[in-house]
Amino acid sequence: MADSKIEIRNLYKVFGSNPVKAMKQVHAGISKQELLDQHGHVLGLRNINIKIRPKRVQVIMGLSGSGKSTLIRHINRLIEPTEGEVIVDNEDVLAMSSDGLRDFRRHKASMVFQRFGLLPHRTVVQNVAYGLSIQGVSQAESSERSQRWIDRVGLAGFEQHFPAQLSGGMQQRVGLARALATDAEILLMDEAFSALDPLIRTDMQNILLDLQEELHKTIVFITHDLDEALRIGDEISILRDGEVIQDGDPQSIIMRPADDYIADFIKDINRGRVLEVRSIMKKSSRATGPKMVLKTPLEDALQQLVNAGKDSGAVTSDDGKVIGKISLKNAISAMARPGRDKKGPRYK
Amino acid sequence: MEFFDEFPELGRGELRDFKKAIDFSFRSFSRAYGETLENFFDPLLQFMIWFEKLLIGAPWPIILVVIGSLCWLGARSWKLVAGSIVCFAIIGYFGMWENTMATLAIISVATFICIGLGIPLGIWMAKSNRVQAIVTPILDVMQTIPSFVYLIPVVMLLGIGKVPGLIAVCIYAAPPIVRLTNLGIRLVDEEVLEASDAFGANYKQRLWGVQIPLALPNIFAGVNQTIMMALAMVVIASMIGVRGLGVPVLQAVSNQYLALGLMNGLAIVAIAIIFDRVSQKYGQRLQAYRKGNGNG
């Protein structure tokens, strides 16, 4: 598929002494719990299919134990799958020789870790240059290139510090700079901001979004935090017990949760801030009232409608053409939580 | 009932034949290969003689300066430098200079041999669980078997002298450096290793860039232990003809010379403490990066 940068097909991972044998049971449809009780194997991932488009941020979200960290490690093959394919740029990562795989890790995909994974005996600048030194880039060139990224993530002045001398947020900036310094097209971020406190986390999210506007990397971002997922993700896949239970863009997940589990998951978010008018507008080219662009959050849209004293407004595309209509009533009902028993459109 | 009273043991004659067979075969082995082995170790012997002569022959002020500067390089502490120079001065003043130099010579050579063989072996053990499973019991034997027991075959093969003494010291002193190298590498943080893998490091880059540097404090503790154990072997090595502080101690034991034994024994203690403190300080300096608030 030309339109996907990374494609994960029919991926299974079973942990245990004899995964291949256990796969027979898995294909026969045994549940995760039964597999553990009867055969002593842990089903890490079951039949994962995800297409990740280039230059987008793909969030993979799930609670702990859902298999998300296992999944991201399959993309650069830090973990070997039991079955399945991982295709990156039309090349099967799982078929690569060990040299090919090293090359892939050096040039194509870099990684940011939850607990930073910095080299404690190396200074900040040496840490950032680590990927380059592995590639065999000369000392002079690698320190020049890493200096650029150190400046970019706001660590200028700390080049000669050791990781232990920095706060968690600053350490993760080092981790981010190290991953960016190799100029890899793919950035794998494994709960990269989860270990940081909330304010610093928002800060790092901003840095990442800023960088992404400029760099257009293909980012795979693992998180257990829904707010983070909604903020960063162009696409979100939700994982539970090793299975993808819903994927789509943030708007569609909030408007149409696939099941009660997800409905429960999203019940506490601020819908007015996350939902945008494009998700609830009705198509129309002759709407009147206050104009607002597609990506206006609902709470702003409501404010505009109220200020203008109108019941409905016009939604415009980015170039200013009127393409839809939004009514006060629709906006308010979209902000109410979806009911548990509501027969909404279901996923699959 | 007889079965329970007497342990069912091998008959006397058979036991004697069994021991004889082992003795005989080893004796013929040593007759056949003793000379080859001696020739093999000859360069080592020449080196040890040269090194010992160098230490004994050098003017004592130069030795003191070298010791002082080594202490400074290792520990960066004036207290330790002064302390070690005073210790050596007292040792010399009480007439133990030559023996002390001889002891330093064999300890240094033994330590370098142990490091040279022990660190690569430790690295290999860390890489392979199978190697670890094979080497660990051998190290256990080396550390616990009474020294006199392995002195017998060594002396049978090589006679008495410096080389068998050195081998005896190394057998006893090598295990800690091997163990701690292995342990240090195995204790390196999984996350750091995973990061190194994720950036495409190969085995060598991972070993020299991550594992060895992070294992250094442990490796250095191993070096420290190796030196200490080598010093502990000084007296036993003197029984098979190694010169040094062990010789007068041995004399003192057989003749009940209290003062002689005490003085030379304390000289060994002084050397041990100096080595220990300097190498520990050096090990601590290797870990400076772990401190959160170093150079600000």
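This tour proceeds through a predicted model, from a sheet in chain A to the contact between the chains and then to the helices of chain B.

**The open sheet of chain A**

Begin by selecting strands S2, S1, S4 and S5 of chain A. Taken in that order, these 4 strands form an open sheet with antiparallel pairing. At its edges are S2(A), residues 42-52, and S5(A), residues 91-92, each of which pairs on one side only.

Next, restrict the view to S1(A), residues 6-15, and S4(A), residues 83-88. The two are joined in the antiparallel sense over 5 bridges. Label A:Ile8 and look across to S4(A), where A:Val86 stands opposite.

Now add two helices to the selection. Helix H1(A), residues 19-27, lies across S1, S2 and S4 of chain A and runs at about 105° to S1(A). Helix H3(A), residues 68-75, also packs on the sheet, where it touches S1, S2 and S4 of chain A. The direction of H3(A) makes about 55° with that of S2(A).

**A loop residue with positive phi**

Move to the loop between S2(A) and strand S3(A), residues 57-61, and select A:Lys55. What is notable about the backbone here? The phi of A:Lys55 is near 60°, a positive value in a residue other than glycine. Most residues other than glycine have a negative phi. A:Lys55 counts as partly exposed because 13 C-beta neighbours lie inside 10 Å.

**Strand S3 and its parallel partners**

Continue along the chain into S3(A). Is this strand enclosed or open to the surroundings? It is largely enclosed by the rest of the structure, since 5 of the 5 residues of S3(A) are buried. In a regular strand the side chains alternate between the two faces of the sheet. Displaying side chains on S3(A) shows A:Val57, A:Val59 and A:Met61 pointing one way and A:Gln58 and A:Ile60 the other way, all of them buried.

Select the neighbouring strands as well. S3(A) pairs with strand S8(A), residues 218-223, in the parallel sense over 5 bridges. S3(A) also runs parallel to strand S9(A), residues 235-240, to which 4 bridges join it. A:Ile60 is a useful residue to centre on: A:Ile222 stands opposite in S8(A), and the bridge partner in S9(A) is A:Ser237.

From S9(A), a distance may be drawn to the segment after helix H15(A), residues 328-335, which contains A:Ala336. A:Ala336 and A:Glu235 are 101 residues apart in sequence, and their C-alpha atoms are 23 Å apart in space. A:Ala336 has 8 other C-beta atoms within 10 Å and is therefore exposed.

**Where the chains meet**

Show both chains and select the residues in contact between them. Chain A and chain B contribute 20 residues each. On the side of chain A, helix H4 (98-107), strand S6 (109-112) and helix H6 (130-135) each supply at least two residues. H4(A) gives the largest share, 4 residues. By class, the chain A side divides into 9 nonpolar, 6 polar and 5 charged residues.

**Helix packing in chain B**

Hide chain A and select helix H2(B), residues 12-57, together with H5(B). Their axes are 9 Å apart and the packing angle is about 140°, so the two helices are oblique to each other. The crossing of H2(B) past H5(B) is right-handed. From H2(B), the contact draws on B:Met48, B:Phe51, B:Glu52, B:Leu55 and B:Ile56; from H5(B), on B:Glu98, B:Met101, B:Ala102, B:Leu104, B:Ala105 and B:Val109. These residues comprise 9 nonpolar, no polar and 2 charged.

Keep H5(B), residues 97-127, and replace H2(B) with helix H6(B), residues 129-144. The axes of H5(B) and H6(B) come within 6 Å and cross at roughly 130°, which means that H5(B) is oblique to H6(B). On H5(B), select B:Leu121, B:Trp124 and B:Met125; on H6(B), select B:Val131, B:Gln132 and B:Val135, and the contact is in view. The residues of this contact are 5 nonpolar, 1 polar and no charged.

**Last stop**

Finally, select B:Gln256, in the loop between helix H12(B), residues 246-255, and helix H13(B), residues 258-286. The phi of B:Gln256 is near 55°, a positive value in a residue other than glycine. Is B:Gln256 buried or exposed? B:Gln256 counts as exposed because the C-beta neighbours inside 10 Å number 8.

Methods. Residues are numbered from 1 along each chain as its sequence is written. Chains are lettered from A and ligands numbered from 1 in the order in which they are written. This is a predicted model: local features need pLDDT of at least 70, side-chain atom pairs count only at pLDDT 80 or more; totals for chains, interfaces and linings use all residues. Two residues are in contact if their C-beta atoms, placed from the backbone, lie within 7 Å. Ala, Val, Leu, Ile, Met, Phe, Trp, Tyr, Cys and Pro count as nonpolar, Asp, Glu, Lys and Arg as charged, and the others, Gly among them, as polar. Axes are lines fitted to C-alpha atoms, for helices over the stretch in contact, and angles run from 0 to 180 degrees between N-to-C directions. Angles under 35 degrees count as roughly parallel, over 145 as roughly antiparallel, 65 to 115 as roughly perpendicular and the rest as oblique. A crossing is left-handed if the near helix is turned anticlockwise from the far one by less than a right angle, and right-handed if clockwise. Two strands pair if DSSP finds at least two bridges between them. A residue is buried if 20 or more other C-beta atoms lie within 10 Å of its own, exposed if 12 or fewer, and partly exposed in between; C-beta atoms are placed from the backbone.
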